[in-house]
Amino acid sequence: MKRRSALLGDELPAIAVPPPGPKSRAAAKRLRRAEGAAIWGRDESPIVWSRARGAVVEDLDGNRYLDFTSGFGAASLGHAAPEVKRAVSAQAGRLVQGLGDLMPHAAREKLVRRLSKLGGRLSRVLLAGTGAEAVELALKTAAIATGRRRVVAFQGAYHGDSYGALEITDHPKPPEPVRAQLHGRAIHVPFPYPYRAPSRGGGGASSEEQCLDEVFAAIDAALGGADPPGAVIVEPIQGRAGAIVPPPGFLPRLCRLARERRLLVIYDEILTGAGRTGPFWAWERSGPGAEPDLLCAGKGIGGGVALAVLLGKPEVMEAWRAHLPSSGEAPHASTFYAHPLACAGALAAIDRLTSPGFREHADTMGRALAEGLARIADRHGAVGEARAAGLLGAIELVRDRESKEPAPEILGRLISGLLARGILALPSGLHENVLMLLPPLTIGPAQVLHALEAIDAALAEAKP
């Protein structure tokens with residue numbers, strides 16, 4: 001029987017046949033044949049989505065699932081968000097394609113002004129289509145501003161799968177033939193992982209301090225070399241590594257020590273921006289001392305449309321002016337730069353994402369998720385740690401709490417158990433042992449409770 005959430009009117013899941021059903025299996029087989037192993041790395045058939053609304057996805061067989069992935073966090077306002085749908089539809093009747101960098105359009109001008117205000121001191125704006133493209137724009141800007149090509153990045157970092165982004169991505173690693181083509185741009189240093197940090201009793205240095213000491217020892221050694229770095233890029237919370245939340249003082253101290261060495265600070269907020277972790281930008285959790293020089297945003301900031309952004313301080317972004325070609329061409333260009341449909345959708349999404357009532361709702365749901373995950377951790381010994389920042393949640397699974405030995409096999413069973421109960425969630429983690437939860441920010445209380453109950457029941461079945 002289908003049930004309805006009183007808050008959003010979206011249906012809670014109703015599984016008719018064990019997923020994936022016959023229509024999903026047949027469609028997946030056809031896709032696997034046409035797309036090949038670059039996309040289909042595994043043999044098992046997934047469910048194939050047919051349509052979605054709010055936090056509910058329906059597959060080709062008519063099964064409904066509660067979506068705690070929100071399309072990798074991109075459907076921040078839920079699937080088919082009404083305000084985004086209306087804006088895109090209206091824009092489609094006015095202008096569908098612009099002229100890239102050459103001539104602007106009205107929706108682009110409105111969006112850039114809106115983003116400039118959202119950025120605060122990061123008031124200069126460049127647009128992109130994907131998060132990886134925004135990261136590459138940040139790398140290009142840093143190289144132009146500093147004259148240095150190398151970048152300090154972090155172990156466990158994920159910044160995208162296009163070539164420039166892959167040069168600084170650490171997890172997951174690309175195939176070896178691809179790695180061989182990358183050019184040594186990144187200097188990878190440790191990222192603080194509080195759950196797996198060694199215990200530091202007796203008044204010694206904290207794990208955060210020790211981590212930063214190690215980071216800047218590597219940086220100082222590189223700065224003394226022939227090819228020094230010009231910037232540091234970091235996720236305020238590491239996503240694919242397992243929703244790893246660093247200690248509160250990490251980002252401010254990182255910024256201070258980087259600027260003492262004249263290094264630019266770049267934040268990759270593709271996953272964490274647009275209110276996912278509480279404040280609009282995740283770095284704001286750490287206070288004003290954590291403000292970056294450049295910031296990459298994407299995924300949720302568009303409310304489901306394909307749009308990403310680079311925000312930067314004027315003194316950094318103005319470095320592009322010294323590299324204008326004599327022909328008058330822009331030094332950065334793209335056919336679909338500031339695509340009109342994406343600009344219109346993102347404008348509508350940002351209006352909703354920044355409204356006070358919306359923020360209050362997302363904060364309330366974030367607390368409910370965190371409290372529920374904490375209760376689950378208390379009941380299940382296979383949960384080494386439950387962590388949450390706003391509506392980004394994670395459960396790290398271990399064979400036992402004493403050794404903290406990762407348990408990827410339990411995660412596999414948990415994901416399958418959740419799918420059978422109509423819950424979509426993401427596997428993640430450096431050790432492939434972390435359940436990551438990314439519900440839409442519009443998720444309702446009945447939906448949060450339903451998912452928590454399903455996780456509790458699936459965990460009881462999944463542990464040895």
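Author: In what follows, Ala, Val, Leu, Ile, Met, Phe, Trp, Tyr, Cys and Pro count as nonpolar, Asp, Glu, Lys and Arg as charged, and the others, Gly among them, as polar. The model is predicted: local features need pLDDT of at least 70, side-chain atom pairs count only at pLDDT 80 or more, and totals for chains, interfaces and linings use all residues. Residues are numbered from 1 along each chain as its sequence is written, and side-chain values use heavy atoms, with hydrogens and water left out.

Reader: What pLDDT does the protein chain average?

Author: pLDDT is the predictor's confidence in each residue, from 0 to 100. The protein chain averages 93, and 96% of the residues score at least 70. Over residues 1-9, however, the pLDDT is below 50. Where pLDDT is low, the predicted coordinates should not be read in detail.

Reader: How is empty space located, and which residues lie nearest the centre of the second largest pocket?

Author: Rolling a probe the size of a water molecule over the atoms shows where empty space is left. On a 1 Å grid over the protein atoms alone, a cavity is a set of points where a 1.4 Å probe fits but cannot get out; a pocket is an open set with protein on both sides within 12 Å along at least five of seven lines, and lining residues have an atom within 4 Å of a point. Grid points are joined across faces, edges and corners, and a volume is the space filled by probe spheres set on the points. The second largest pocket holds about 510 Å³. Of its 15 lining residues, Val-125, Leu-126, Met-317, Trp-320 and Tyr-337 lie nearest the centre. The lining comprises nine nonpolar, one polar and five charged residues. Strand β4 (124-128) gives the most to this lining, with three residues.

Reader: What volume does the largest cavity have?

Author: The largest cavity contains about 40 Å³. Its lining includes Arg-276, Gly-300 and Leu-441, and by class has four nonpolar, four polar and one charged residues.

Reader: Is strand β5 enclosed or open to its surroundings?

Author: Buried means under 20% relative accessible area, exposed over 50%, partly exposed in between (1.4 Å probe, protein chains only). Strands (E, at least two residues) are DSSP runs, numbered from the N terminus. Five of the five residues of β5 (residues 150-154) are buried, so this strand is largely enclosed by the rest of the structure. Arg-150, Val-152 and Phe-154 point one way, and Val-151 and Ala-153 the other.

Reader: Which strands pair with β5?

Author: Two strands pair if DSSP finds at least two bridges between them. β5 runs parallel to β7 (residues 229-234) over three bridges, with Val-151 opposite Ala-231. Four bridges join β5 to the parallel strand β6 (residues 186-189), where Phe-154 stands opposite Val-189.

How values were computed:
Contact = heavy atoms within 4.5 Å.
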